[in-house]
Amino acid sequence: KEVLLKFTANAFEGNYVTKEVYIGDTIQGDIHFYSFELDFIKAINFHNTYGISSIKTSNNGKYVVSSDFNKYIYCWNADDKSIVSDKLHFHTSRVYGLAWSYDDSMLVSTSLDNIAIVWDMNTFSRINTFPVLDQKLALTCCFYGKDRKIIVGGHNNSPKIIGIDQKVTAPKLN
């Protein structure tokens, strides 16, 4: 089955628990909900004033995070579509990378601001922030197994492994 969308889509994500597909509108900031058979369910805007840049479902399927082109990340409940947290704001530019830890207790986000942030998803607070200046635009990220490490990647095609408990020091400026 093919569906012709009446909007430009940038972000797609599936949720095997709710059996839904989430499609982010790059202009209006709406998230369109479809069944796995691609039947339209509804569209919701979680206060996004800019287009959706990324959507990621938690491993247990209970929660979803979505980010927009204006640096905001929202966590919402997959069942009733209510906002769980609107406090995941610290990036200064478009967020592209979102990844849940294996146990869904943490989230990592990367942005065009060349920063990776690890979030505690129980308190919705920052655990650590990492400048990844050598990545030339941090676009993607993931957790490294069950270890407390993340991998970030960017335009230079060189993934970087970062221990999330390490002390971060500001780079020296010339």
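This passage walks through several strands of a predicted model and the cysteines that lie in them.

A good place to begin is strand β7, which spans residues 73-77. This strand is mostly covered, with five of its five residues buried. In a regular strand, side chains alternate between the two faces of the sheet. The pattern can be followed here residue by residue: Ile 73, Cys 75 and Asn 77 point one way from β7, while Tyr 74 and Trp 76 point the other way, and all are buried.

Strand β7 has a partner in β6 (residues 63-68), and the two pair in the antiparallel sense over five bridges. Within this pairing, Val 65 stands opposite Cys 75. The two strands form a hairpin with four residues between them, and Lys 71 in the turn has a positive phi of about 80 degrees. Strand β7 also pairs with β8 (residues 83-88), again in the antiparallel sense, over three bridges. Here Cys 75 stands opposite Ser 85. The hairpin of β7 and β8 has five residues between the strands, and Lys 81 takes a positive phi near 65 degrees.

Further along the chain, four strands form an open sheet in the order β9-β10-β11-β12, with antiparallel pairing. Its edge strands are β9 (95-100) and β12 (125-131), each of which pairs on one side only. Neighbouring strands of the sheet are turned by 20 degrees against each other on average, direction ignored. As for β11 (residues 115-120), six bridges join this strand to β12, and the two run antiparallel. One of the facing pairs is Ile 115 and Pro 131, the latter in β12.

Another hairpin is made by β13 (residues 138-143) and β14 (residues 149-154), antiparallel strands joined by five bridges. Five residues lie between the two strands, and Gly 145 in the turn has a positive phi of about 60 degrees. Cys 141 stands opposite Val 152 in β14.

How many disulfides does the model contain? With a disulfide taken as a pair of cysteine sulfur atoms within 2.5 Å, the count comes to zero. Cys 75 is in no disulfide, and the nearest cysteine sulfur, that of Cys 141, is 15 Å away. Cys 75 is also buried, with a relative accessible area of 2%. And why is Cys 141 without a bond? The sulfur of Cys 141 is 7.3 Å from the closest cysteine sulfur, in Cys 142, and this is too far for a bond. Cys 141 likewise counts as buried, at 10% relative accessibility.

How values were computed
Residues are numbered from 1 along each chain as its sequence is written. This is a predicted model: local features need pLDDT of at least 70, side-chain atom pairs count only at pLDDT 80 or more; totals for chains, interfaces and linings use all residues. Side-chain values use heavy atoms; hydrogens and water are left out. Two strands pair if DSSP finds at least two bridges between them. Buried means under 20% relative accessible area, exposed over 50%, partly exposed in between (1.4 Å probe, protein chains only). Axes are lines fitted to C-alpha atoms, for helices over the stretch in contact, and angles run from 0 to 180 degrees between N-to-C directions.
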